Protein chains: 2
Amino acid sequence: MYPKDLFPHKEIQELLDLYRPIWALGYAQQLMGWDLETYMPEEGSLARSIASQEISLLIQKLMTDEKFIKALERAEKLEDLNEYERGVVRVLKRDLKFYIRVPPEIVGELSRITSEATIIWRSAKKNNDFNVFKPYLEKIVDLNIKVADYLGYDKNPYDALLDLYEEGLTTDDFQRIVDVLVPGLKKVLDKILSEGYYSKPHPLEEYKYDVEKMKHVNSEILRILGQDPRRLRLDISAHPFTSGLDMRDVRITTRYEGYDFKRTIFSVIHEFGHALYDLQIEERFRATPLSGGASLGVHESQSRFWENIIGRSKEFTEAIYDLLADNLSLRGKYDASEIYRYFNIVRPGLIRVDADEATYNFHIALRFELEKLLINKEIKVDDLPELWNNYMDKYLGVRPKTYSEGVLQDIHWSMGSIGYFPTYTIGTLLAAQISKRMMREIDLFTAIREKKFEPVREWLREKIHRHGSVYPPKELIRRVLGEDLRPEIFVEYLQWKFLKT
Amino acid sequence: MYPKDLFPHKEIQELLDLYRPIWALGYAQQLMGWDLETYMPEEGSLARSIASQEISLLIQKLMTDEKFIKALERAEKLEDLNEYERGVVRVLKRDLKFYIRVPPEIVGELSRITSEATIIWRSAKKNNDFNVFKPYLEKIVDLNIKVADYLGYDKNPYDALLDLYEEGLTTDDFQRIVDVLVPGLKKVLDKILSEGYYSKPHPLEEYKYDVEKMKHVNSEILRILGQDPRRLRLDISAHPFTSGLDMRDVRITTRYEGYDFKRTIFSVIHEFGHALYDLQIEERFRATPLSGGASLGVHESQSRFWENIIGRSKEFTEAIYDLLADNLSLRGKYDASEIYRYFNIVRPGLIRVDADEATYNFHIALRFELEKLLINKEIKVDDLPELWNNYMDKYLGVRPKTYSEGVLQDIHWSMGSIGYFPTYTIGTLLAAQISKRMMREIDLFTAIREKKFEPVREWLREKIHRHGSVYPPKELIRRVLGEDLRPEIFVEYLQWKFLKT
């Protein structure tokens with residue numbers, strides 16, 4: 001079943017055979033997740049949450065089956081594993097750690113509550129009603145604290161959660177990043193804002209578009225970037241996301257608000273970056289533990305690379321100008337340089353997903369601080385709205401007037417994901433660092449101008465994508481960059497882009 | 001978890017708890033099936049077939065787990081089971097019989113091959129290429145013969161397959177139906193055809209429609225029939241079908257050819273009939289073995305009832321005339337009685353799904369004869385195209401010129417379903433018999449004229465739908481009708497409708 005040249009040991013082959021049904025259940029879970037956000041009839045949530053909980057329990061049951069644990073232990077003891085085989089063992093040990101240490105009741109409860117909470121969050125956000133969501137969030141925080149305790153940690157319970165999403169990341173690690181980044185960004189942001197014109201309200205932000213025409217624009221942009229529609233589809237959901245079912249079946253979503261077209265365009269380009277990673281993973285890793293990416297942070301570096309470095313560049317704006325102008329009736333009213341200004345407005349705002357490159361990471365720093373406090377029981381869910389608003393004031397000088405624009409804006413907590421947000425900043429920083437490295441070999445901005453993305457896709461495939469989960473993220477980063485993550489590179493990138501210094 | 005008043009015995013509660021993950025896997029399989037036909041990117045089929053096979057194997061593993069078998073045996077021995085509990089035991093014994101008698105390798109192989117074969121069939125039909133599909137069909141027939149042998153049968157191996165789809169149906173049973181039906185229908189059909197005008201080519205058959213307007217018409221028709229969009233959605237697929245994930249999550253599909261609008265309308269009404277059955281099953285049967293219908297034949301009676309008895313009636317045609325006329329620009333060109341003629345053209349044709357009420361069952365008789373011969377090894381897959389054409393000649397006096405219009409027209413064999421087609425005829429006959437029974441209590445044609453379908457839906461809920469799989473089909477039919485299935489009622493119905501006699 002599995003390629004002998006990649007996985008020569010029969011112990012590994014046996015392990016992979018035992019893993020295959022687990023993979024299939026994960027695949028089914030992912031499809032159910034995609035469907036929940038895209039096409040499921042509203043009242044289907046009841047049965048969906050039962051099915052989803054049962055399948056989570058089955059995954060846990062199969063992973064913690066003595067036969068599986070024994071097979072993993074046998075494999076682990078072999079001394080001459082190749083790097084693919086070592087990757088298999090490493091990833092499965094990480095997964096198993098979760099299932100062995102966290103009791104089935106907790107996993108089941110988390111699965112059940114989050115399946116309901118995502119539905120409740122949607123209506124809470126719509127109705128600006130924090131109280132209806134609060135009991136769900138309290139339960140979710142509570143369960144996450146329990147999960148952290150069961151998983152174990154050296155210094156901080158929040159470490160255990162961070163590690164779930166970014167292998168090896170600690171609270172101290174990220175605190176160091178924040179401590180360099182926040183003052184660095186503050187300085188750049190103040191400078192940009194003092195220069196004035198970027199932050200003015202731009203008329204295109206209220207400019208209405210025809211949804212059908214916008215769908216056409218998005219599908220053309222995907223074609224330009226290199227979408228193969230036989231492997232990648234685009235749908236609509238409340239919160240854009242990517243679902244990588246397989247290297248030949250990836251689905252992304254966007255939303256159409258009917259105005260401020262950069263929102264939908266950049267969500268499409270962002271998700272395309274995620275999708276390309278999933279699409280370019282070595283095909284022979286199918287149905288193995290290696291078929292995912294290295295980490296969420298590395299995944300996010302890919303979406304940010306396409307969204308920010310490519311999508312928000314002057315060259316890309318010029319390359320898609322005709323497409324935009326023709327479909328959105330911009331010609332004669334807004335030229336390419338005006339569109340570029342619109343794409344790169346820097347303005348402290350309330351909503352993370354709409355934030356520009358210069359303010360985005362403040363939103364993450366805020367969530368990092370709040371999650372750290374919640375998990376360390378230094379604050380309660382009740383305190384969140386007020387604290388949220390205080391941090392927004394402190395970092396960006398703006399204050400939400402509604403819950404929907406504040407604490408209710410993100411889907412993540414409703415999905416049970418605490419410790420997830422920092423991966424966004426890791427990705428953002430990494431994207432700048434990767435593009436700097438890539439430009440030693442590729443004339444990136446000429447490629448963008450000429451809409452020739454094949455060399456860019458191939459560079460990413462060769463250096464990052466094809467490896468799947470073979471290497472832990474820190475090792476992969478060192479292989480690609482020859483150095484570790486350095487937040488100051490991102491600050492330099494912003495200076496270069498916005499201040500020409 | 002499960003209602004104590006329905007399932008008072010703790011042995012049954014334990015059995016249902018063990019069944020819940022099996023239900024969840026079936027739920028996931030069904031969603032994957034729906035997705036395969038609607039939204040899955042083309043190249044996703046590779047991973048889908050692995051996932052689908054693994055999940056089938058898991059279902060089999062859980063059903064044949066000693067713990068589950070023991071729990072079923074314990075439950076079976078109890079003497080004071082109520083009818084719900086007896087239903088649970090009966091349905092699970094039927095399912096288990098399949099899994100115990102058919103070896104895992106066969107089940108896995110069937111799942112894998114059909115997952116590929118549905119894809120191949122689609123392109124084979126498109127390209128009129130029987131040869132590319134042939135090896136798949138040969139394998140599928142071969143596996144079905146093995147399945148029949150493993151399942152066991154009294155007289156004919158085909159009995160074992162018929163029983164899979166229609167509990168208790170035998171080759172002899174259906175032969176008796178065919179033997180009454182074919183001559184009866186021949187007589188009625190000859191009479192209808194000799195009267196001439198119904199069979200003339202109707203200009204509306206080539207009449208082009210705008211797909212977007214047609215989507216609106218279909219969605220209005222669903223609204224009129226009583227669709228709750230929070231529980232029932234409509235999508236597009238090559239072959240219309242219904243996917244009943246839960247009594248609150250049912251999905252139907254149709255197709256839009258761009259001409260001959262009765263095709264898409266009647267597929268929507270047909271699938272609505274299936275959907276209504278699933279939607280009206282007792283909600284407290286959720287995630288139990290009772291949450292399906294009584295049988296495929298009974299299910300088909302519901303789709304045929306809505307499609308033929310209601311949808312193709314003069315009263316319904318008049319009730320939706322304005323909707324059709326406004327959206328398809330028919331006013332002044334075709335009046336309601338002309339639309340009724342168009343909806344009820346009787347003309348021997350090549351395609352089963354386009355067949356009218358008077359010729360439809362000949363298509364099934366043909367498939368019954370061929371399947372019987374295939375499973376008894378009296379013919380080979382190689383012989384099918386020629387034999388198919390000969391039967392078409394004999395029954396209906398028409399002969400396919402392409403494979404696509406002949407042996408390749410149906411998706412069913414590619415899905416591994418042999419023994420399935422007879423359920424269509426059972427459903428068609430039953431629909432006429434049910435409507436006759438219903439009219440003792442409900443003035444059906446007034447209800448249709450006034451577009452007041454609630455009493456009709458309620459009658460069906462009360463008599464048929466809410467019972468789910470509690471009763472075996474023959475028992476349910478006797479409860480509803482006070483008699484068994486009688487093919488002559490259907491012949492009488494046709495005489496009444498088409499010949500006014």
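Author: Domain bounds here come from an automatic or database domain assignment. One thing up front: this is a predicted model.

Reader: Okay, so which domains does chain A get, and how far apart are their C-alpha centres?

Author: The assignment splits out domain 1 (10–101) and domain 2 (171–499) of chain A. The C-alpha centres of the two domains lie 29 Å apart.

Reader: What makes you say that domain 1 and domain 2 of chain A are in contact?

Author: Two residues count as in contact if their C-beta atoms lie within 7 Å. By that test, 18 residues of domain 1 of chain A pair up with 17 residues of domain 2 of chain A. On the domain 1 side, α1 (10–38) and α4 (83–101) each give at least two residues. The largest share, eleven residues, is from α1(A). Sorted by class, that side holds ten nonpolar, four polar and four charged residues.

Reader: And the two chains, how many residues does each put into their contact?

Author: Chain A brings 32 residues and chain B brings 32 residues. On the side of chain B, the elements with at least two residues each are α1 (10–38), α2 (45–63), β1 (232–236) and β2 (242–246). The class tally for that side of chain B is 19 nonpolar, one polar and twelve charged.

Reader: Which residues does Ala28(A) touch?

Author: Leaving out residues up to four places away in sequence, Ala28(A) touches Ile55(A), plus Ala28(B), Met32(B), Ala51(B) and Ile55(B). Ala28(A) also turns up among the residues with the most contacts inside the largest nonpolar core, alongside Val88(A), Phe272(A), Ala28(B), Val88(B) and Phe272(B). That core has 290 residues, and domain 1 and domain 2 of chain A each put in at least three.

Reader: Why is Asp260(A) called partly exposed?

Author: A residue needs 20 or more other C-beta atoms within 10 Å to be buried, and 12 or fewer to be exposed. Asp260(A) has 17, so it falls in between and is called partly exposed. Asp260(B) also has 17 other C-beta atoms within 10 Å, so the label is again partly exposed.

Reader: What makes the phi of Asp260(A) worth pointing out?

Author: Most residues other than glycine have a negative phi. Asp260(A) is not a glycine, yet its phi is positive, near 55 degrees. In chain B, Asp260(B) has a positive phi too, about 55 degrees.

Reader: Where do Asp260(A) and Asp260(B) sit?

Author: Asp260(A) is in the loop between β3 (249–254) and α10 (262–279) of chain A. Asp260(B) is in the loop between β3 (249–254) and α10 (262–279) of chain B.

Terms used. Residues numbered from 1 in each chain as written. Chains lettered and ligands numbered in written order. Predicted model: local features only at pLDDT ≥ 70, side-chain atom pairs only at ≥ 80, totals over all residues. Helix = DSSP H or I, 4+ residues; strand = E, 2+ residues; numbered from the N terminus. Nonpolar A, V, L, I, M, F, W, Y, C, P; charged D, E, K, R; others polar. Core = buried A, V, L, I, M, F, W, Y, C linked by C-beta atoms within 7 Å.
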